[in-house]
Amino acid sequence: MAPVIVVYDLSSVRTLWEGRIKKYKERQRKEKERQEKSALVKINEEWTQRLERRRRAIKNYIAQNKGVMNGEVHVRMNHVNSTGKDTHLDFLELRKNTITKDKRFIFELQGMDWKELPDSLKEKTHLREWHIKKTSIEIIPSFIVMFQDLIVMDLSRNWIKELPVEIGKLTKLKELNVSFNKLTSIPPELGNCESLENLNLSNNLELAELPFELRDLQKLSHLDLSSNRFPSMPICVLRMSNLKSLDLSGNNLKELPQDLDRLSELQSLFLQKNKMTYLSKVLCRMTNLKMLVVSGDDINNLPTSLLTDPNLKYIDLRENPLDNIKDMADSEIFADVAEHIEFEKDMMHMYFQDLKERETTPSYTTRVSLSLQL
């Protein structure tokens with residue numbers, strides 16, 4: 001019997017492997033491009049530069065003010081008297097989030113020696129902004145009702161235990177920040193602040209509920225309830241129809257309400273560092289939702305449509321790439337833990353904002369897997 005000779009077409013095999021190699025190289029090229037365009041690299045560089053500038057600024061300030069640093073109290077009373085002279089007691093750089101351009105209408109107070117507001121403040125009812133930070137003040141007096149032109153109240157990082165009911169009389173108020181205080185409750189009267197657009201109640205630690213009257217804040221677009229003790233999403237929040245950004249990270253949430261899609265205008269939802277093990281399908285019905293941030297370590301049930309929706313950026317926070325930043329976070333840069341938390345949170349939101357603005361992002365970066373600590 002003659003031997004059988006098997007003939008292989010090597011050209012087809014070669015074509016097959018050349019195609020696989022070409023695809024592999026293409027994937028490598030795209031991954032390299034993705035890393036080069038990564039927002040984390042750019043933001044890391046920007047914040048490193050900011051920290052260095054801040055470090056130099058602090059050193060310069062200390063060098064220029066030796067001998068007067070102990071027990072220092074910063075006060076700024078922007079106001080022009082009858083002679084037209086500026087009567088501020090000390091210079092304090094204005095915050096970047098000020099709305100009012102005319103400094104005469106802005107009041108700033110800073111320093112742990114302050115345990116109550118100065119009596120002279122009662123004479124400045126024309127003020128439009130209060131920026132009171134890092135004081136020992138526990139009570140905001142009822143005379144705030146006299147400040148009918150207030151549009152911004154930044155009362156963050158004090159020892160405030162309660163807000164006066166008179167705050168509900170400030171109908172022109174647009175921004176209220178009472179983060180990093182000791183609030184355990186919010187007065188129902190706050191719901192009367194019909195012009196409120198931005199409300200920050202984060203990092204009060206013991207805050208666990210909100211009065212239903214806050215449902216009347218129909219102009220509210222940004223609400224930060226992070227780092228508190230909310231066991232579930234407050235009912236009043238589901239009635240804030242104009243809400244675009246909601247931060248509920250760092251609470252005790254175990255699940256989301258089934259009528260969450262009532263927030264039809266919601267674009268950004270932050271849920272990381274809660275106790276949820278699954279995400280509800282109600283998220284799939286929120287057509288305007290552009291960014292969802294969770295801690296994926298404990299989540300074992302996830303609607304697949306959340307990962308395939310090209311309009312939604314699903315961000316899964318797991319590990320911590322900020323170790324190199326934390327090495328710089330010494331006492332020279334961050335005066336306390338609250339300041340460090342604010343810095344990390346600002347960096348996170350800067351990264352999220354960059355992702356949000358990348359409308360033409362390739363599909364392979366739709367799901368971002370990174371981890372930052374709040």
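## Exercises on charges and rings

Arg-285 is partly exposed, its relative accessible area being 46%. Keep in mind as you work that the model is predicted.

**Exercise 1.** Find the salt-bridge partner of Arg-285 and state where each residue of the pair lies.

*Solution.* Start with the contact: Arg-285 pairs with Asp-261, and their closest N and O atoms are 3.0 Å apart. Next, place the two residues. They connect distant parts of the chain, 24 residues apart. Asp-261 belongs to the loop between β8 (245-247) and β9 (268-270), while Arg-285 belongs to the loop between β9 and β10 (291-294). Finally, look at the surface: Asp-261 is partly exposed at 28% relative accessibility.

**Exercise 2.** Classify Glu-123 and Lys-124 as buried, partly exposed or exposed.

*Solution.* First, confirm that the two residues form a salt bridge, with the closest N and O atoms 3.9 Å apart. Then apply the cut-offs: buried is under 20% relative accessible area and exposed is over 50%. Glu-123 has 62%, so Glu-123 is exposed. Lys-124 has 7% and is therefore buried.

**Exercise 3.** Describe the salt bridge between Arg-215 and Asp-216, then give the salt-bridge count.

*Solution.* In this pair the closest N and O atoms are 4.0 Å apart. Arg-215 has a relative accessible area of 29%, which makes Arg-215 partly exposed. Asp-216 is partly exposed as well, at 39%. The count comes to seven salt bridges.

**Exercise 4.** How many aromatic pairs does the whole structure hold, and which residues do ring pairs link into a cluster?

*Solution.* A search of the whole structure gives three aromatic pairs. Take Trp-130 and Phe-147 to begin with: their ring centres are 5.0 Å apart and the planes meet at 75°, an edge-to-face pair. Trp-130 sits in strand β3 (residues 129-133), and Phe-147 in the loop between β3 and β4 (152-154), 17 residues away along the chain. Trp-130 is buried at 0% relative accessible area, and Phe-147 is buried at 0% too. Now move on to Phe-143 and Phe-147, whose centres are 6.3 Å apart with planes at 45°, so this pair is tilted. Phe-143 is buried, at 15%. Putting the pairs together, the cluster consists of Phe-107, Trp-130, Phe-143 and Phe-147.

**Exercise 5.** Which residues make up the nonpolar surface patch that includes Trp-17?

*Solution.* Locate Trp-17 in helix α1 (residues 10-37). Trp-17 is partly exposed, with a relative accessible area of 48%. Leu-16 and Ile-21 complete the patch, which has about 310 Å² of accessible area together.

Terms used:
Residues are numbered from 1 along each chain as its sequence is written. This is a predicted model: local features need pLDDT of at least 70, side-chain atom pairs count only at pLDDT 80 or more; totals for chains, interfaces and linings use all residues. Side-chain values use heavy atoms; hydrogens and water are left out. A salt bridge is a side-chain nitrogen of Lys or Arg within 4 Å of a carboxyl oxygen of Asp or Glu. Buried means under 20% relative accessible area, exposed over 50%, partly exposed in between (1.4 Å probe, protein chains only). Helices (H or I, at least four residues) and strands (E, at least two) are DSSP runs, numbered from the N terminus. Patches are made of residues with over 30% relative accessible area and no salt bridge: like charges are joined within 9 Å, nonpolar side chains (Val, Leu, Ile, Met, Phe, Trp, Tyr) within 5 Å. Accessible areas come from the Shrake-Rupley method with a 1.4 Å probe; for residues, only the protein chains shown count as cover. Rings of Phe, Tyr and Trp (its six-membered ring) pair if their centres lie within 6.5 Å; planes under 30 degrees apart count as stacked, over 60 as edge-to-face and the rest as tilted.
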